There are 2 protein chains.
Amino acid sequence: MQPERALPDKEKQFSEWYSEVLERAELVDIRYNVKGFVVYRQNLMRIINLIRSELESSLISRGHQQVMFPIVIPMSYLRKEQEHVTGFEAEVFKIRAEEGEEELALRPTSETAMYPMYALWIHSYRDLPLKLFQTGTVYRKETRATKPLIRGREFFWIEAHDAFENEEQALAQVKEDIEITKEALRKFGLAFIVVEREEWDKFPGAERTFAFDCLMPDGKVLQIATTHYLGTKFSKPFEVIYLDRAGEKKNVHQTCFGPGISRMAAAVISIHGDEFGLVLPFDVAPIQVVIVPIPKEGKEKEIVAKAKEVGERLEKIRIRTLVDTSEERPGAKFYKYELIGTPARIEVGEKEVSEGKLTFFRRDLRRRWKVEESELEVEV
Amino acid sequence: MQPERALPDKEKQFSEWYSEVLERAELVDIRYNVKGFVVYRQNLMRIINLIRSELESSLISRGHQQVMFPIVIPMSYLRKEQEHVTGFEAEVFKIRAEEGEEELALRPTSETAMYPMYALWIHSYRDLPLKLFQTGTVYRKETRATKPLIRGREFFWIEAHDAFENEEQALAQVKEDIEITKEALRKFGLAFIVVEREEWDKFPGAERTFAFDCLMPDGKVLQIATTHYLGTKFSKPFEVIYLDRAGEKKNVHQTCFGPGISRMAAAVISIHGDEFGLVLPFDVAPIQVVIVPIPKEGKEKEIVAKAKEVGERLEKIRIRTLVDTSEERPGAKFYKYELIGTPARIEVGEKEVSEGKLTFFRRDLRRRWKVEESELEVEV
């Protein structure tokens with residue numbers, strides 16, 4: 001039934017397995033010819049969009065609002081906080097300046113883009129907390145070997161930047177960021193540990209850094225989200241000041257939170273995959289159930305009609321369903337949906353129609369069994 | 001009832017009106033300090049997301065798939081099609097190259113980023129049509145006076161790039177692009193004309209260009225979407241070749257389509273607004289109905305309970321509803337939701353509760369009337 005050879009062994013040859021699955025499942029194309037930049041293909045974007053929307057909704061439901069800041073940062077902004085610029089300056093892509101214009105950086109992260117505006121928007125305690133996020137790309141001139149979605153020069157993430165009256169409120173936000181990440185990672189079926197980083201390993205400019213790590217199949221650790229308590233380290237140089245309830249001027253206490261969307265996708269792909277391709281958790285699968293009609297001469301009509309009927313029943317209960325009536329052979333279809341990780345497949349053939357049963361296949365178990373048609377919704 | 005003065009007269013002083021409404025309705029902040037780059041604030045992003053999702057769904061339902069290409073384009077790619085680079089080179093932001101690396105452009109548009117990959121992905125007629133789109137920002141060093149959302153150096157749009165076997169199929173796509181745009185613009189309540197551009201006014205590298213224009217309140221024309229038949233002008237230099245049904249090598253025929261999300265938002269804001277702020281069409285309003293309780297001593301509980309009950313009834317029929325129970329005065333709330341363009345307001349006070357009626361206010365008509373509570377869903 002397998003039109004192509006299986007993938008390399010994930011545990012023994014993770015790097016080879018990862019490259020091949022990215023290519024064969026049409027997730028990423030690395031042939032773009034600029035170091036550290038890759039093309040996100042259609043099958044990846046559908047996973048990315050599900051991860052993105054899960055995290056965005058979670059932030060919005062907790063009182064964050066979405067904004068979009070320019071991709072360029074004046075170098076003078078970037079240089080305002082000393083530890084921060086020291087941490088990033090070597091990695092910055094710079095845009096050629098025209099005469100009389102200031103040199104601009106492609107943002108490596110957005111603290112220094114956003115906080116000059118926070119200084120303009122925040123006046124009194126009534127403007128606090130201010131909780132904003134943006135979704136987009138950032139740029140770092142990574143000098144080490146790059147790896148698609150894991151280490152690149154362009155990466156796709158969400159950044160939430162919040163301002164509070166005091167340390168206590170800010171630390172409560174850090175705790176909430178950790179909750180948001182935990183909830184999402186559980187939906188994506190990812191095991192993780194969250195630890196506070198040591199002094200030498202902190203985000204440049206942070207007072208405290210907490211990071212989420214996933215263990216990858218090659219034994220390496222992948223950091224997929226961080227949240228930082230910035231204290232007043234940025235609100236002092238950027239003069240983000242508010243009048244408190246007693247009428248006194250105070251610096252806001254800030255936090256920033258960066259769940260890495262590309263890296264979460266990398267972890268989902270790497271941790272759940274096997275030698276047949278992706279194994280997507282139900283919540284991040286663009287197609288949750290694929291229905292494959294098994295043609296039989298003279299019975300085509302009944303079989304396709306039954307397949308469509310089953311599809312409609314699943315859509316009614318909001319399952320992302322595809323009825324694949326294309327002309328490919330069933331074996332090629334089985335192979336394809338296993339490769340892209342579709343969690344469940346339902347086969348509908350002559351026997352299924354006459355017996356009133358459906359053949360179920362679960363991608364994670366790679367096991368087939370028969371189910372009474374009436375039990376369809378329960379089974380899914 | 002108006003805590004602040006009205007806006008300038010839109011018809012007589014459009015520029016002043018536009019700047020003030022962008023600021024007061026918290027749509028855009030122009031104080032970012034880099035020419036042509038502005039901050040998209042929370043109230044704008046909600047409108048932008050509705051426009052974006054309308055267009056993206058429309059493309060996906062017509063067989064397009066979403067991708068994400070790098071933001072940098074090697075200069076050698078950009079220079080491959082002569083008319084194209086002549087049209088763009090002066091406007092390109094260039095990234096300082098490191099020794100031994102090629103100079104990179106921040107993409108001004110994505111033809112030359114995407115088509116080298118199309119050459120790798122397309123082999124035979126079975127790979128066609130290829131219909132991909134991406135949503136994101138592009139960069140042009142605009143030298144004229146900039147205006148937020150209308151003319152800037154960073155703008156937010158969708159680009160769809162399609163490849164076909166022949167001219168006929170490609171022109172059918174151009175027709176479909178026009179249909180997609182018309183449908184969207186009708187939802188956004190925008191009148192428009194669509195015209196084929198003359199030779200001198202075409203997209204650099206296109207065979208034929210069709211553009212959508214809206215008439216702005218100052219009498220100027222705003223181009224908010226274009227679709228182009230590229231013929232084989234790019235598929236020749238980029239060698240995007242397929243084997244046809246007869247086994248012969250042919251160049252694909254291409255189209256590209258660019259609905260401008262920022263510009264559509266600018267048109268919605270400008271065309272529908274008035275001296276009290278935005279007037280959003282129902283489909284692009286982040287909040288479609290706001291419910292404002294009118295407090296009365298001793299009756300707070302009943303009033304708030306009724307407001308929430310009305311809110312729940314509207315949410316059940318999928319209306320984006322907000323019950324504003326904050327401590328602000330009702331007058332300040334009325335002002336705020338008129339400013340951000342909320343299409344309808346329902347007031348719930350003591351009288352409304354005792355009479356079983358609701359007070360309705362329509363933003364576009366600025367008119368109030370009473371409605372029987374039982375008629376709520378019908379009225380909305």
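## Exercises on a predicted two-chain model

In this predicted model, helix H1 of chain A is followed by A:Glu26, whose phi is positive, near 55 degrees. The exercises begin with this residue.

### Exercise 1. The backbone at A:Glu26

Determine where A:Glu26 lies, and whether A:Glu26 is buried, partly exposed or exposed.

**Solution.**

Step 1. Place the residue in the chain. A:Glu26 belongs to the loop between H1 and S1 of chain A.

Step 2. Consider the backbone angle. Most residues other than glycine have a negative phi. A:Glu26 is not a glycine, yet its phi is positive, about 55 degrees.

Step 3. Classify the accessibility. The relative accessible area of A:Glu26 is 34%. Partly exposed covers the range between the cut-offs of 20% and 50%, and therefore A:Glu26 counts as partly exposed.

Step 4. Apply the procedure to chain B. B:Glu239, also not a glycine, has a positive phi of about 50 degrees. B:Glu239 sits in the loop between strand S11 (221-231) and strand S12 (241-243) of chain B. Its relative accessible area is 54%, so B:Glu239 is exposed.

### Exercise 2. Cis peptide bonds

Identify which peptide bond of chain A, leading to A:Pro129, is cis, and state where A:Pro129 is found.

**Solution.**

Step 1. Recall the usual case: most peptide bonds are trans.

Step 2. Inspect chain A. The bond from A:Leu128 to A:Pro129 is cis, with omega near -5 degrees. A:Pro129 lies in the loop between helix H5 (111-121) and S7 of chain A.

Step 3. Inspect chain B. B:Leu128 and B:Pro129 are joined by a cis peptide bond with omega about -10 degrees. The place of B:Pro129 is the loop between H5 and S7 of chain B.

### Exercise 3. How two helices of chain A are covered

Establish which residues of H1(A) are buried and what covers them; then examine H9(A).

**Solution.**

Step 1. List the buried residues of H1(A): A:Phe14, A:Trp17, A:Tyr18, A:Val21, A:Leu22 and A:Arg24.

Step 2. Relate this list to helix geometry. An α-helix has 3.6 residues a turn, so residues three or four places apart point the same way.

Step 3. Find the cover. The elements over the buried residues of H1(A) include strand S1 (28-29), helix H7 (261-272) and H9 of chain A.

Step 4. Turn to H9(A), which is mostly covered, with nine of its ten residues buried. Among them are A:Phe334, A:Tyr335, A:Tyr337 and A:Leu339. The cover of these buried residues includes H1, strand S15 (289-293) and strand S17 (344-348) of chain A.

Step 5. Look beyond the end of the helix. H9(A) is followed by A:Gly341, whose phi is positive, near 85 degrees.

### Exercise 4. The second largest pocket

Describe the volume and lining of the second largest pocket.

**Solution.**

Step 1. State the volume, which is about 1900 Å³.

Step 2. Name the residues. The lining has 45 residues; A:Glu26, A:Gln42, A:Asn43, A:Lys336 and B:Gln65 lie nearest the centre of this pocket. A:Glu26 of Exercise 1 thus reappears here.

Step 3. Assign the lining to elements. Elements supplying at least two residues each include H1 and H9 of chain A, together with helix H5 (111-121) of chain B. H2(A) gives the most, six residues.

Step 4. Sort by class. The lining has 19 nonpolar, eleven polar and 15 charged residues.

### Exercise 5. The largest cavity

State how much space lies in the largest cavity and which residues lie nearest its centre.

**Solution.**

Step 1. The largest cavity holds about 480 Å³ of space.

Step 2. Its lining consists of 38 residues, of which A:Thr135, A:Gly136, A:Phe156, B:Thr135 and B:Gly136 lie nearest its centre.

Step 3. S7(A) provides the largest share of this lining, six residues.

Step 4. By class, the lining of the largest cavity divides into 17 nonpolar, 13 polar and eight charged residues.

### Exercise 6. A nonpolar core

Find which members of the largest nonpolar core touch the most other members.

**Solution.**

Step 1. Recall the general tendency: in soluble globular proteins, nonpolar side chains tend to be buried together.

Step 2. The largest nonpolar core has 82 residues, and A:Tyr32, A:Tyr118, B:Tyr32 and B:Tyr118 touch the most other members.

Step 3. Follow one of these residues. Neighbours within four places in sequence aside, the contacts of B:Tyr32 include A:Phe69, A:Pro70, A:Tyr77, B:Phe37 and B:Val39.

Definitions and conventions
Residues are numbered from 1 along each chain as its sequence is written. Chains are lettered from A and ligands numbered from 1 in the order in which they are written. This is a predicted model: local features need pLDDT of at least 70, side-chain atom pairs count only at pLDDT 80 or more; totals for chains, interfaces and linings use all residues. Side-chain values use heavy atoms; hydrogens and water are left out. On a 1 Å grid over the protein atoms alone, a cavity is a set of points where a 1.4 Å probe fits but cannot get out, and a pocket is an open set with protein on both sides within 12 Å along at least five of seven lines; lining residues have an atom within 4 Å of a point. Grid points are joined across faces, edges and corners, and a volume is the space filled by probe spheres set on the points. Helices (H or I, at least four residues) and strands (E, at least two) are DSSP runs, numbered from the N terminus. Ala, Val, Leu, Ile, Met, Phe, Trp, Tyr, Cys and Pro count as nonpolar, Asp, Glu, Lys and Arg as charged, and the others, Gly among them, as polar. Buried means under 20% relative accessible area, exposed over 50%, partly exposed in between (1.4 Å probe, protein chains only). Contact means heavy atoms within 4.5 Å. A nonpolar core is a set of buried Ala, Val, Leu, Ile, Met, Phe, Trp, Tyr and Cys residues joined through side-chain atoms within 4.5 Å.
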